[in-house]
Amino acid sequence: MTVLEQRGSSRNESYWPAPPPAWRPRVDPAPLLPDAEPYRLLGTDAAGQVGSGLLTELYGHLVRGRRYNAQATALTRQGRLAVYPSSTGQEACQVAAALVLEERDWLFPSYRDTLAAVARGLDPVAALTLLRGDWHTGYDPREHRIAPLCTPLATQLPHAVGLAHAARLKGDDVVALAMVGDGGTSEGDFHEALNFAAVWQAPVVFLVQNNGFAISVPLAKQSAAPSLAHKAVGYGMPGRLVDGNDAPALHEVLSEAVERARRGGGPTLVEAITYRMEAHTNADDATRYRTDDEVDEWRGHDPIALVERELSERGLLSDELAQQVRDGAEELAAGLRDRMNQDPALDPMDLFAHVYAEPTSQLREQEAQLRAELAAEAADAGAAQGRGANDTTGKERP
Amino acid sequence: MTATATEAGRKPVSMAQALNRALRDAMADDPAVHVMGEDVGELGGVFRITDGLVKEFGEERCGDTPLAEAGILGTAVGMAMYGLRPVVEMQFDAFAYPGFEQLISHVARMRNRTRGAMPLPLTIRVPYGGGIGGVEHHSDSSEAYYLATPGLQVVTPATVADAYGLLRAAIASDDPVVFLEPKRLYWSRADWSPDAPAPVAPLGRAEIRRPGSSATLITYGPSLPVCMEAAEAATAEGWDLEVLDLRSLQPFDDETVCASVRRTGRAVVVHEASGFGGPGGEIAARVTERCFHHLEAPVLRVAGFDIPYPPPMLERHHLPGVDRILDTVGRLQWEADWTEGSGD
């Protein structure tokens, strides 16, 4: 007997009633799809809708940000920072990410996003502690609601999802904004974070800064997706594509995503098209994998120049404003330079202080060992000094 | 643990039930405790350790997650950052591996990298070990991987009472704990009163389960009952073996271990994990460094072979058993069969 006969129907009857029982439409993908072109405001008819106050604020932040990047790069050349992954050219992404958040919201930066933390109000020295190398995180994340700068790619994204989810469970209307690069979208944690966020409808905004390169590897070797924003559709969240050098456009798109999340509308994936004007870090040589022509082309689409043009078209870019903004940026740079030129205070015994709430007996033994070594070093140095020798022996060097 | 339920309120309880009770009590005591993992909701977990929790506390406190271990651990990190106390279930030892980057790069380091500002009170429950006839990837003893990572605590109960007490202590700890549950002891039973649980010892204290004078068997988790059986059998050979249950591999209780070995003068470390690179090597080194002048023989190990975990029909040859333990104890230089210069 065939299965059909068991069911009491004959082969002649139609047995094509409906799709498989387990299938049902889940969500209409059309509204989730990103625009065909990156969303822009500057240089379009819609530019006029950007408030002058916001434009001026963005301008100040962008100029400060560019100066901050230049200063941090210079400090790296002088050996004051171990390494600096610059966000030069990406200042609009950095600044917009910081400005769209309320104080109670959380920012989840990667190692290239120190400027976003600074734009949020974090002391630049605290932001750069990781890259100076005196500790891994230079600030209390809970005080500033800025997660530690994350080095393993995309691994901060599930943290953002979990934190946002926890906030919602507690009844707090807190939003988390997590930053990642184009390369990071290939990581498994990117996938898992977006999936969890959509399933939980967690109040998270994922900002992908597509700056064209993962160190040397161009996007074409990273992903075959129509755009990185399209990846959102597979998770059931909206994807937005935006010009990452158009600060007001980014501000608008990110603000909408943040407010949507805050209202309980769930997560959004925003892809910002931008360009890394500098090498990956000071240790990288970008001329090995890209042409000067390409860099020049992007120089013509500079985020600061775009805002400047709009301000001057409105007659708002007075000499006074320009000077005021420049002065503010110089002040930031000078303060950073002065403070970074001082050696950080280091206490080797800190190595054991924060492994566990209470040091284990083994850690206490190792602590005693290091203390004895330091005492011996100091005694040697003292003896050497007594003989009139070089007095820097044994001093901790950054 | 002889089963004669006489005292009022004491009845045979399985380790699985004790773990379930520990989760329930922790959730009732502290609203910050959230249980999460694959199938922990309606199903109650594949081993039923979370049975009934969703009914009692709701989906928000005991939730099924998508099937993604890095995502589970990563989101749990974020939840802990916001002040919750997540208890994560990894379904099986070998299925926990996708979460290793989160575990090693974040879970273990968050307190350290933030100078103590952001500790992570996070418990990661991992059913581990063999002896249940599991097919490939269901029987790993993965403790050495965790032990190699500073910042983690690694705890494993071997008794019903400890299953409750140590899990409560793990959840109460402000630092992350990898809580290894010996699968084959899930159904072991003991007289235990859940209404008056034994006082919870601080993590990091070993316990002598059987006092003895001839040699110390140092063990933990699934190998404890095997060692107890071996110690009973050893009396026929005239050996009075002490059996020491580590309970916590990190923090490691040097004090109790060394006190025992100094007393007995001989030691064998017993575990299921492969010997090469396994915890036994570290333990043997620590004991030798600290008790050298009290030792009558080298510290020996009975461990799983250095092979990928075998298929279930062959696993009995791999797992430390009573005979292998007794053979090893027999090699602890009991007679004057070794003299200096004999070359052995």
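In the predicted model, Thr123(B) has Val177(B) of strand E7 as its bridge partner. This pair belongs to a longer register, since strand E5 (residues 123-128) of chain B and E7(B) are joined by six bridges and pair in the parallel sense. Strand E7(B) is also linked to strand E6 (residues 153-155) of chain B, here through three bridges, and these two strands likewise run parallel. Within that second pairing, Val154(B) finds its bridge partner in Val178(B) of E7(B). The connection from E6(B) to E7(B) involves helix H7 (residues 160-172) of chain B, and the three elements together make a β-α-β unit that is right-handed.

The surroundings of strand E7(B) are consistent with this position between two partners. Six of the six residues of the strand, which covers residues 177-182, are buried, so E7(B) is largely enclosed by the rest of the structure. The side chains divide between two directions: Val177(B), Phe179(B) and Glu181(B) point one way, whereas Val178(B), Leu180(B) and Pro182(B) point the other way, and the residues of both sets are buried.

Helix H1 of chain B, formed by residues 15-29, offers a second element that can be described in some detail. With 15 residues at 1.5 Å a residue, the helix should span 21 Å, and because its end C-alpha atoms are 21 Å apart, the expected and computed values agree. Several of its residues are buried, namely Met15(B), Ala16(B), Gln17(B), Ala18(B), Leu19(B), Asn20(B), Ala22(B), Leu23(B), Ala26(B) and Met27(B).

A number of loop residues in chain B were also examined. Arg115(B) is located in the loop that connects helix H5 (110-113) with E5 of chain B, and its phi is near 50°, a positive value in a residue other than glycine. Since 17 other C-beta atoms lie within 10 Å of it, Arg115(B) is partly exposed. A positive phi, of about 55°, is found as well for Gln333(B), which is not a glycine; Gln333(B) belongs to the segment that follows helix H12 (322-330) of chain B. Gln333(B) counts as partly exposed because it has 15 C-beta neighbours inside 10 Å. Gly83(B), in turn, sits in the loop between helix H3 (69-81) and strand E4 (85-89) of chain B, and with 13 C-beta neighbours inside 10 Å it counts as partly exposed. Although Gly83(B) and Met118(B) are 35 residues apart along the chain, their C-alpha atoms are separated by 9.5 Å. A further feature of the backbone is the peptide bond from Gln250(B) to Pro251(B), which is cis, with omega near 0°; Pro251(B) itself lies in the loop between strand E12 (248-250) and helix H9 (254-264) of chain B.

Chain A contains 15 helices and seven strands, and its C-alpha trace spans about 110 × 65 × 45 Å along the principal axes. Of the 398 residues in chain A, 44% are buried. When contacts between residues at least 6 apart in sequence are considered, 74% of those in chain A join residues at least 24 apart. The chain is divided into domain 1 (30-283 + 291-340) and domain 2 (348-379), and the C-alpha centres of these two domains of chain A lie 39 Å apart.

A local example within chain A is provided by Leu81(A), placed in the loop between helix H2 (52-77) and helix H3 (91-99) of that chain. Leu81(A) counts as buried because it has 21 C-beta neighbours inside 10 Å. Apart from neighbours within four places in sequence, Leu81(A) is in contact with Ala72(A), Leu75(A), Thr76(A), Leu128(A), Leu131(A) and Arg132(A). For one of these partners, Leu128(A), which is 47 residues away along the chain, the separation of the C-alpha atoms from Leu81(A) is 8.0 Å.

The two chains meet at an interface in which 34 residues of chain A are in contact with 35 residues of chain B. On the side of chain A, the elements that give two or more residues are helix H7 (141-144), helix H8 (156-169), helix H9 (188-200) and helix H15 (361-386), and H8(A) gives the most, with 10 residues. By class, this side of chain A has 18 nonpolar, 12 polar and four charged residues.

Methods. Residues are numbered from 1 along each chain as its sequence is written. Chains are lettered from A and ligands numbered from 1 in the order in which they are written. This is a predicted model: local features need pLDDT of at least 70, side-chain atom pairs count only at pLDDT 80 or more; totals for chains, interfaces and linings use all residues. Two residues are in contact if their C-beta atoms, placed from the backbone, lie within 7 Å. Helices (H or I, at least four residues) and strands (E, at least two) are DSSP runs, numbered from the N terminus. Ala, Val, Leu, Ile, Met, Phe, Trp, Tyr, Cys and Pro count as nonpolar, Asp, Glu, Lys and Arg as charged, and the others, Gly among them, as polar. The expected span of a helix is 1.5 Å times one less than its number of residues. A residue is buried if 20 or more other C-beta atoms lie within 10 Å of its own, exposed if 12 or fewer, and partly exposed in between; C-beta atoms are placed from the backbone. Two strands pair if DSSP finds at least two bridges between them. A crossover is right-handed if, with the strands pointing away from the viewer, the path from the first strand over the helix to the second runs clockwise. Domain bounds come from an automatic or database domain assignment.
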